[in-house]
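Got a model open on your screen and want to get a feel for how the chain packs? Let's go through it by question and answer.

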Amino acid sequence: MLDKKSNDCGAFPVTKYSNELKAKVVSEYLKGGIGYRELSVRYGIPSRANIRTWVNQARTHGIESLKVKHNKTTYSQTFKITVVEYVHTHQVSRVRAAAHFGISPSWIEVNI
C-alpha cells in the first residue's frame, strides 16, 4: 500500500500513498461508521492527519482531486498572496486552506 521513495536529494524517505488507497480510505470515512484512528490502523497509515487532509480535499474538490499530479506547478505571486491572506483572514488551518484552493498542504507549509 505504501510506495516509499527518497526525496530529490535522496536523503530523507518520502512516503507516498497510491491514488486507489486514498480514494478507498476517504470513501470508507465518508460512508460513516469509522473514524480516522480506525482507518489509520486498518490501512497502516501512521498519521491521521493524512486521512483528514484527504477527506477535506475530497469534500471540497471531489475524489478525483486526490490523484497525484506529476507535474511541478508554479504559482503566481498574486495567487500566493491570496492563499496567505485567506489563511490569516479566515483563521483556517493550512490543511483547510489547501483543500479550499486545491493545492498541497506542504506547499502552504513552505510558503507561509
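Q: Leaving aside its neighbours within four places in sequence, which residues is Asn56 in contact with?
A: This is a predicted model, so keep that in mind throughout. Asn56 is found in helix H3. Once neighbours within four places in sequence are set aside, the residues in contact with Asn56 are Val95, Arg96 and Ala99.

Q: Is Asn56 buried or exposed?
A: The cut-off for buried is under 20% relative accessible area. Asn56 has a relative accessible area of 7%, so the residue counts as buried.

Q: What pattern does the protein chain follow along the sequence?
A: The secondary structure comes to six helices and two strands. Reading along the sequence, you get the pattern β-β-α-α-α-α-α-α.

Q: What percentage of the residues of the protein chain count as buried?
A: The accessible surface of the chain comes to about 7600 Å², with 51% of that belonging to carbon and sulfur atoms. The chain has 112 residues, and the share of them that counts as buried is 28%.

Q: How are H1 and H3 placed, roughly perpendicular or roughly parallel?
A: Helix H1 covers residues 19-31 and helix H3 covers residues 48-61. Their axes come within 10 Å and cross at roughly 80°. An angle of 65 to 115 degrees counts as roughly perpendicular. That crossing therefore makes H1, relative to H3, roughly perpendicular.

Q: How many nonpolar residues does the contact of H1 with H3 have?
A: On the H1 side you'll find Lys22, Val25, Val26, Tyr29 and Leu30, and they meet Ile51, Trp54, Val55, Ala58 and Arg59 in H3. Sorted by class, this contact has no polar residues and two charged ones, and the number of nonpolar residues is eight.

Q: How far apart are the C-alpha atoms of Ala23 and Val55?
A: Ala23 sits in helix H1. Not counting neighbours within four places in sequence, Ala23 is in contact with Ile63 and Leu66. Along the chain, Ala23 and Val55 are 32 residues apart, while their C-alpha atoms are separated by 9.2 Å.

Q: Which residues does Ser40 touch, not counting residues up to four places away in sequence?
A: Ser40 has its place in helix H2, residues 36-43. With a relative accessible area of 10%, Ser40 is buried. One of its partners is 11 residues away in sequence and 7.6 Å away, C-alpha to C-alpha. Beyond four places in sequence, Ser40 touches Ile45, Arg48 and Ile51.

Q: Leaving aside its neighbours within four places in sequence, which residues is Ser65 in contact with?
A: Ser65 is in the loop between H3 and H4. Despite the loop position, Ser65 counts as buried at 13% relative accessibility. Apart from neighbours within four places in sequence, the residues in contact with Ser65 are Gln57 and Ala58.

Q: What is the angle between the planes of Phe79 and Phe101?
A: A search of the whole structure finds five aromatic pairs. Phe79 and Phe101 form an edge-to-face pair, 5.6 Å centre to centre, and the angle between the planes is 90°.

Q: How many residues apart are Phe79 and Phe101?
A: Phe79 is in helix H4 (residues 77-90), and Phe101 is in helix H5 (residues 94-101). The pair links distant parts of the chain, with a separation of 22 residues.

Q: Which helices do Tyr86 and Phe101 lie in?
A: Tyr86 and Phe101 form an edge-to-face pair, at 5.2 Å centre to centre and 85° between the planes. This pair ties together parts that are 15 residues apart in sequence, because Tyr86 and Phe101 lie in helices H4 and H5.

Q: Which residues form one aromatic cluster?
A: Phe79 is partly exposed, with a relative accessible area of 21%. Tyr86, at 19% relative accessibility, counts as buried. The residues that form one aromatic cluster are Tyr75, Phe79, Tyr86 and Phe101.

Q: Is Gln91 buried or exposed?
A: Gln91 lies in the loop between H4 and H5. Its phi is near 50°, a positive value in a residue other than glycine. The cut-off for exposed is over 50%. At 66% relative accessibility, Gln91 therefore counts as exposed.

Q: Which residues in H5 are buried?
A: Just after H5, Gly102 takes a positive phi of about 70°. Within H5 itself, the buried residues include Ala97, Ala98 and Ala99.

Conventions
Residues are numbered from 1 along each chain as its sequence is written. This is a predicted model: local features need pLDDT of at least 70, side-chain atom pairs count only at pLDDT 80 or more; totals for chains, interfaces and linings use all residues. Side-chain values use heavy atoms; hydrogens and water are left out. Helices (H or I, at least four residues) and strands (E, at least two) are DSSP runs, numbered from the N terminus. Buried means under 20% relative accessible area, exposed over 50%, partly exposed in between (1.4 Å probe, protein chains only). Accessible areas come from the Shrake-Rupley method with a 1.4 Å probe; for residues, only the protein chains shown count as cover. Axes are lines fitted to C-alpha atoms, for helices over the stretch in contact, and angles run from 0 to 180 degrees between N-to-C directions. Angles under 35 degrees count as roughly parallel, over 145 as roughly antiparallel, 65 to 115 as roughly perpendicular and the rest as oblique. Contact means heavy atoms within 4.5 Å. Ala, Val, Leu, Ile, Met, Phe, Trp, Tyr, Cys and Pro count as nonpolar, Asp, Glu, Lys and Arg as charged, and the others, Gly among them, as polar. Rings of Phe, Tyr and Trp (its six-membered ring) pair if their centres lie within 6.5 Å; planes under 30 degrees apart count as stacked, over 60 as edge-to-face and the rest as tilted.
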